[in-house]
Amino acid sequence: MEVDKKEEIASESSEEQVVNPWEVSAKDGGKIDYDKLIDQFGCQRLDESLIDRVERLTSRQPHVFLRRGVFFAHRDFDLVLDAYERGDKFYLYTGRGPSSEALHLGHLIPFMFTKYLQEAFKVPLVIQLTDDEKCMWKNLSVEESQRLARENAKDIIACGFDVTKTFIFSDFDYVGGAFYKNMVKVAKCVTLNKAMGIFGFSGEDHIGKLSFPPVQAVPSFPSSFPHLFPGKDKLRCLIPCAIDQDPYFRMTRDVAPRLGYSKPALIESSFFPALQGENGKMSASDPNSAIYVTDTAKDIKNKINRYAFSGGQDSIEKHREIGANLEVDIPVKYLSFFLEDDAELEHIKKEYGEGRMLTGEVKKRLTEVLTGMVERHRMARAAVTDEMVDAFMAVRPLPNMFE
Amino acid sequence: MYSSLIDPNLLIAKDSQALLVNGYRKPNLKTSNDPIRRINNTKPTLFIFSAPAPCSPKFFDNDLMGFSKDQLLSQLQELEIDYSKYEHPPVLTVEEQAKYVSSSEGALSKNLFFKDKKHRYYIISAMVDTKVDMKVLSQRLGLGKGGIRMAPEEALAELLQVSLGCVTPFAVVNESARDVSLLLDQKFKNQTRCIFHPLSNNVSISLSTSGLDKFLQSVGRDPVYVDLEANPVVGKDQPPDLAVYVPSNSVVIPELPNNTPSAQASPPKNVSAEKTKPVASPKPSKSPGNVKSVVQNSGLSVFKNPEKFVEEILDKTSELLFSEVKGENVEALAETLRKRLTSEFTHLAVMYKNTAYSEGFYAGTQCQPKRP
């Protein structure tokens with residue numbers, strides 16, 4: 001049984017860190033302890049040998065998120081690679097809860113990584129837009145959540161997914177048929193008590209919430225998509241997601257063998273810090289807590305210069321003497337996510353950490369990198385038409401999905 | 001006493017012209033695993049014939065690490081090959097090398113490392129003023145017009161085990177380079193001495209072509225001299241004259257894109273004398289006998305796959321760059337362009353593909369059923 005009883009207690013006390021799909025907070029307002037999380041959840045660290053294996057199998061440099069340890073944990077990723085080496089392919093499954101139109105860079109991270117996985121391994125992808133979940137949890141109207149789903153789909157498409165290998169669907173549109181049959185099968189295997197233990201539901205929550213978890217679980221099973229994977233019931237599934245989604249898939253992995261399905265594999269990322277620092281909270285209500293994909297070059301420069309938490313010292317003299325505190329410095333943290341060149345990042349860390357480079361320079365470089373990314377995204381986003389969204393979301397076969 | 005084990009044709013062929021005349025026979029790119037070589041595995045001084053000489057056992061030990069300059073030079077001494085050595089600071093270009101080694105010592109060479117679309121590699125070693133036209137070379141090799149491009153840096157390290165700016169005919173001493181084809185400029189033969197790097201950027205050696213030939217033969221290579229400036233017509237009745245020098249095996253290097261596990265399993269078909277057609281296909285062909293379908297398949301995948309599409313664009317750009325711009329730095333520039341632009345272009349190509357698909361998809365929804 002992979003579900004950890006400790007979790008029930010953890011969600012009550014504020015002395016332990018809390019990580020679940022609806023809440024992420026560190027202990028005593030400090031940093032998230034990822035080692036403890038891996039221990040607590042029971043997943044594995046993604047080590048160098050796995051990354052080397054990925055490089056060998058895909059004949060290309062591993063994605064920057066793998067090299068820098070952004071995606072740092074997994075479940076059964078090694079088994080997926082074993083199967084891939086034998087010629088058994090897999091498909092990718094990721095998703096988004098469309099709660100707002102304003103997407104920031106942190107939201108794009110799983111999609112950027114998934115796009116790399118799609119290209120590197122040449123496998124198909126299903127993307128779930130959980131408009132029903134947001135309708136229930138954020139109390140949006142059905143129409144509004146559907147509208148947001150379509151808007152978010154455009155940003156997702158702009159990340160560069162290949163339409164001949166990608167199926168995007170919204171729950172309100174797609175649930176039914178084989179998908180719903182699997183949902184019921186999963187629901188039958190999870191008692192109310194278990195659901196309350198895993199997800200922290202209580203007697204005050206409405207029954208919509210209680211019945212939601214199977215919706216996020218069943219895309220892990222190929223039989224949920226008869227138009228995509230007919231007859232391929234043994235096809236494996238790999239789920240790139242942030243580590244706070246782990247509970248859903250722990251439940252899914254528990255249930256899968258009972259239904260005669262393979263357990264989905266996971267590859268999990270750490271959290272993207274807010275501009276104000278690890279302790280700060282990225283929130284939609286505070287536009288200065290993150291870089292949004294709609295920000296102009298000027299906005300980005302402004303936000304980085306004024307709000308990005310710096311690990312540099314108070315005065316230049318002191319800085320040259322002691323160097324910057326790389327542990328808490330946000331610009332360097334952001335660069336480690338988005339600066340492709342390993343050598344340049346090392347150089348910056350060394351020079352800044354030893355006081356020879358000043359915060360202003362680091363921030364300038366970060367502004368360049370982020371502006372480039374956001375510009376590229378904006379251009380791609382502008383090219384996404386409603387027809388393109390319709391095409392991605394059409395229930396159609398994908399004949400060349402493994403090429 | 002070994003004559004019965006040595007191919008009589010090789011005895012005749014001291015110069016490459018005889019090899020050509022014999023028809024489209026593959027050059028002797030065999031390695032030391034060749035049974036003839038093994039049996040003849042004695043000290044070099046025993047060789048009486050001008051056929052490929054046995055190589056000394058100590059060659060084998062170092063294959064994994066790559067030959068060093070000192071090992072090479074001592075090998076030359078052992079073979080009693082006369083050479084002069086010039087030490088200088090590391091140089092990356094011919095211009096720089098010319099500052100330290102004067103032309104009175106010998107003719108400087110420019111050394112190019114190419115790869116074709118089927119992952120086969122070529123070293124072209126030429127006089128500095130010989131014009132090497134990649135388009136012509138590609139056609140003469142039977143690879144079509146845009147069939148070759150500069151090999152990436154990784155290939156230099158993996159296959160030739162030398163650093164940037166150090167491509168040299170001597171690199172074929174490495175086991176890793178056994179499938180690399182070596183073509184030498186015919187014009188070298190008119191020189192008393194020619195200058196090459198002996199596997200290291202900070203040394204140059206000058207030696208005669210007969211010395212070079214002796215060395216190449218000692219490692220199981222037939223020296224191949226070619227008129228690099230010739231531009232023969234290649235067509236239906238005039239088969240590509242250099243096609244025989246295309247390696248029979250492709251080489252898989254981990255860092256390259258488009259390098260799938262299947263590339264190792266199905267090496268491209270050996271082009272035989274009768275059916276040499278220029279086939280520039282990026283994928284190994286699935287139906288070897290049917291050249292037409294190979295061309296069709298490759299065309300499709302270039303337009304279906306954004307990464308292959310971008311590779312095609314960058315290949316053509318590099319080709320133009322090489323034919324228009326002179327100078328040794330062009331290689332490095334082309335590589336930089338390729339590295340920096342590949343990701344951007346692929347992103348654009350994916351968006352283009354998605355747009356085209358969506359327009360088609362939409363048109364499909366509006367399509368009226370065919371009239372009966």
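**Exercise 1. Characterise the surface and overall make-up of chain A.**

Start with the surface. Chain A exposes about 17,000 Å², an area from the Shrake-Rupley method with a 1.4 Å probe, where for residues only the protein chains shown count as cover. Carbon and sulfur atoms supply 51% of that exposed area.

Note the basis. This is a predicted model, in which local features need pLDDT of at least 70 and side-chain atom pairs count only at pLDDT 80 or more, while totals for chains, interfaces and linings use all residues. Residues are numbered from 1 along each chain as its sequence is written, chains are lettered from A and ligands numbered from 1 in the order in which they are written, and side-chain values use heavy atoms, with hydrogens and water left out.

Next, burial. Of the 403 residues of chain A, 56% count as buried. Buried means under 20% relative accessible area, exposed means over 50%, and partly exposed lies in between (1.4 Å probe, protein chains only).

Then secondary structure. Chain A has 20 helices and 9 strands. Helices (H or I, at least four residues) and strands (E, at least two) are DSSP runs, numbered from the N terminus.

Last, contact range. Take contacts in chain A between residues at least 6 apart in sequence: 78% of them join residues at least 24 apart. Contact means heavy atoms within 4.5 Å.

**Exercise 2. Trace the sheet of chain A and find its edges.**

Set out the order. In chain A, 7 strands form an open sheet, S3-S4-S9-S8-S5-S6-S7, with mixed pairing. Two strands pair if DSSP finds at least two bridges between them.

Find the edges. Strand S3 (44–45) and strand S7 (166–170) of chain A each pair on one side only.

Work inward from S7(A). Strand S6 (residues 125–129) of chain A pairs with S7(A) in the parallel sense over 5 bridges. Ile127(A) has Ile168(A) in S7(A) as its bridge partner.

Add the packing helix. Helix H5 (residues 77–86) of chain A packs on the sheet and touches strand S4 (71–75), strand S5 (90–96), strand S8 (236–242) and strand S9 (265–269) of chain A. The direction of H5(A) makes about 125° with that of S9(A); axes are lines fitted to C-alpha atoms, for helices over the stretch in contact, and angles run from 0 to 180 degrees between N-to-C directions.

Now take S5(A). S5(A) runs parallel to S6(A), joined by 5 bridges, and Gly95(A) stands opposite Gln128(A) in S6(A). S5(A) also runs parallel to S8(A), joined by 3 bridges, with Leu92(A) opposite Leu238(A) in S8(A). S5(A) is mostly covered, with 6 of its 7 residues buried.

**Exercise 3. Explain why helix H17 of chain A counts as largely enclosed, and say what covers it.**

Count first. H17 (residues 330–338) of chain A has 9 of its 9 residues buried, so it is largely enclosed by the rest of the structure. Among the buried residues are Lys333(A), Tyr334(A), Phe337(A) and Phe338(A).

Then the cover. It includes helix H4 (64–67), helix H6 (105–121), helix H18 (342–353) and helix H19 (359–382) of chain A.

**Exercise 4. Place two residues with positive phi.**

Recall the background. Most residues other than glycine have a negative phi.

Lys122(A) has a positive phi of about 55°. Lys122(A) sits in the loop between H6 and S6 of chain A. Lys122(A) counts as buried because its relative accessibility is 19%.

Glu80(B) has a positive phi of about 60°. Glu80(B) sits in the loop between helix H5 (69–78) and strand S1 (83–87) of chain B. Glu80(B) is exposed because its relative accessible area is 62%.

**Exercise 5. Describe the surroundings of Ser270(A) and Ala334(B).**

Ser270(A) lies in the loop between S9 and helix H15 (297–307) of chain A. Ser270(A) is buried, at 15% relative accessible area. Beyond neighbours within four places in sequence, Ser270(A) contacts Tyr34(A), Val70(A) and Phe72(A).

Ala334(B) lies in helix H13 (residues 329–366) of chain B. Ala334(B) is buried, at 3%. Beyond neighbours within four places in sequence, Ala334(B) contacts Ser318(B), Leu321(B) and Phe322(B). Ala334(B) and Glu319(B) are 15 residues apart in sequence and 9.1 Å apart in space, C-alpha to C-alpha.
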